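Me: I have a structure open and would like to learn how to read its features one by one. Can we go through it together?

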Amino acid sequence: MTQFPFSNEALTAHVKWLSLEKFNRAFTHKASFNSRLRTTGGRFFPKDCHLDFNPKMAQLPEFDKIILHELTHYHLYIQKRGYHHQDAEFKQLLKAVGGLRYAPALTRPKWRYVCENCGSIYPRQRKIDPKKYRCGRCHGKLNLNQ
Ligand SMILES: [Zn+2]
Ligand SMILES: [Zn+2]
């Protein structure tokens, strides 16, 4: 059985809160986790206006920004405005609320840091400051390796 980080009810409550906080509009439909989503963070279904989210992304620090992306589709659709990725209204609103344009990669990390002392590799989704972070094994200096 897949262990979701939290229940669909808790997810929906969180989406409702983010919706009010960032869009000043109510989210009145349902959100649920869908483990069949692989590389996408979430999905909006215009047919019944519910949102699906990838449970594997729920632990990522970017998860709220993934929710904001799907809420951007949702609110524009409800208001009969341009809700597709290529629509100017979508791009503007997404930027205004600070949503993610693309879901973070789960399998291919964006950045790789290598310890110059022991060669340990640290895959990271976000850029880190090598002055602040050192190798967990030997405390050596980390270098960006693309
Ligand atoms: Zn989208
Ligand atoms: Zn090291």
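**Reading the model**

Reply: Strand β4, residues 111–115, is where C115 is found. Keep in mind throughout that this is a predicted model.

Me: How many helices and strands does the protein have, and in what order do the elements run?

Reply: The secondary structure comes to three helices and six strands. From the N terminus on, the order is α-β-β-β-α-α-β-β-β. The C-alpha trace spans about 55 × 40 × 25 Å along its principal axes. Of the 146 residues, 36% count as buried.

Me: Which domains does the assignment give, and how far apart do their centres lie?

Reply: The domain assignment gives domain 1 as 8–97 and domain 2 as 111–144. The C-alpha centres of domain 1 and domain 2 lie 33 Å apart. A pair of residues can be read in a similar way: C115 and Q92 are 23 residues apart in sequence, and their C-alpha atoms are 40 Å apart in space.

Me: Back to β4, then. Which strands does β4 pair with, and in what sense?

Reply: Strand pairing is read from bridges, so take the partners in turn. β5, residues 121–124, runs antiparallel to β4 and is joined to β4 by four bridges. Within that pairing, R112 has P123 as its bridge partner, and Y113 stands opposite Y122. The other pairing is with β6, residues 142–144, again in the antiparallel sense, over three bridges. There C115 stands opposite L142.

Me: What links β4 and β5?

Reply: The two strands form a hairpin with five residues between them, and G119 in the turn has a positive phi of about 80°.

Me: Is C115 buried or exposed? And what about C138?

Reply: Burial is read from relative accessible area, with under 20% as the cut-off for buried and over 50% for exposed. C115 has a relative accessible area of 2%, so C115 is buried. C138 is at 30%, and therefore counts as partly exposed.

Me: With cysteines in view, how many disulfides does a search find?

Reply: The general idea is that a disulfide is a covalent bond between the sulfur atoms of two cysteines. In this model, a search of the whole structure finds zero disulfides.

Me: Now β2. What does β2 pair with, and which of its residues are on the covered face?

Reply: β2, residues 42–45, pairs with β3, residues 50–53, in the antiparallel sense over four bridges. One example of facing residues is G42, which stands opposite F53 in β3. As for the faces of β2, G42 and F44 are on the covered one, while R43 and F45 are on the uncovered one. The hairpin of β2 and β3 has four residues between the strands, and C49 takes a positive phi near 65° there.

Me: Where else should I look for a positive phi in a residue other than glycine?

Reply: Look at N24 and K80. N24 is not a glycine, yet has a positive phi of about 60°. N24 is placed in the loop between α1 (8–23) and β1 (31–33). Its relative accessibility is 68%, so N24 counts as exposed. K80 has a phi near 55° and is likewise a residue other than glycine. K80 is placed in the loop between α2 and α3 (88–97). At a relative accessible area of 77%, K80 is exposed.

Me: How much space lies in the largest pocket, and which residues are closest to its centre?

Reply: Rolling a probe the size of a water molecule over the atoms shows where empty space is left. Here, the largest pocket holds about 230 Å³ of space. It is lined by 15 residues, and those closest to its centre are T40, G42, H69, E70 and H85.

Me: Which elements give two or more residues to that lining, and what is its make-up by class?

Reply: The elements that do so are β2 and α2, the latter spanning 63–78. The largest share of the lining, five residues, comes from α2. By class, the lining has five nonpolar, six polar and four charged residues. G42 ties two of our topics together: G42 is on the covered face of β2 and is among the residues closest to the pocket centre.

Notes: Residues are numbered from 1 along each chain as its sequence is written. Chains are lettered from A and ligands numbered from 1 in the order in which they are written. This is a predicted model: local features need pLDDT of at least 70, side-chain atom pairs count only at pLDDT 80 or more; totals for chains, interfaces and linings use all residues. Side-chain values use heavy atoms; hydrogens and water are left out. On a 1 Å grid over the protein atoms alone, a cavity is a set of points where a 1.4 Å probe fits but cannot get out, and a pocket is an open set with protein on both sides within 12 Å along at least five of seven lines; lining residues have an atom within 4 Å of a point. Grid points are joined across faces, edges and corners, and a volume is the space filled by probe spheres set on the points. Ala, Val, Leu, Ile, Met, Phe, Trp, Tyr, Cys and Pro count as nonpolar, Asp, Glu, Lys and Arg as charged, and the others, Gly among them, as polar. Domain bounds come from an automatic or database domain assignment. Buried means under 20% relative accessible area, exposed over 50%, partly exposed in between (1.4 Å probe, protein chains only). A disulfide is a pair of cysteine sulfur atoms within 2.5 Å.
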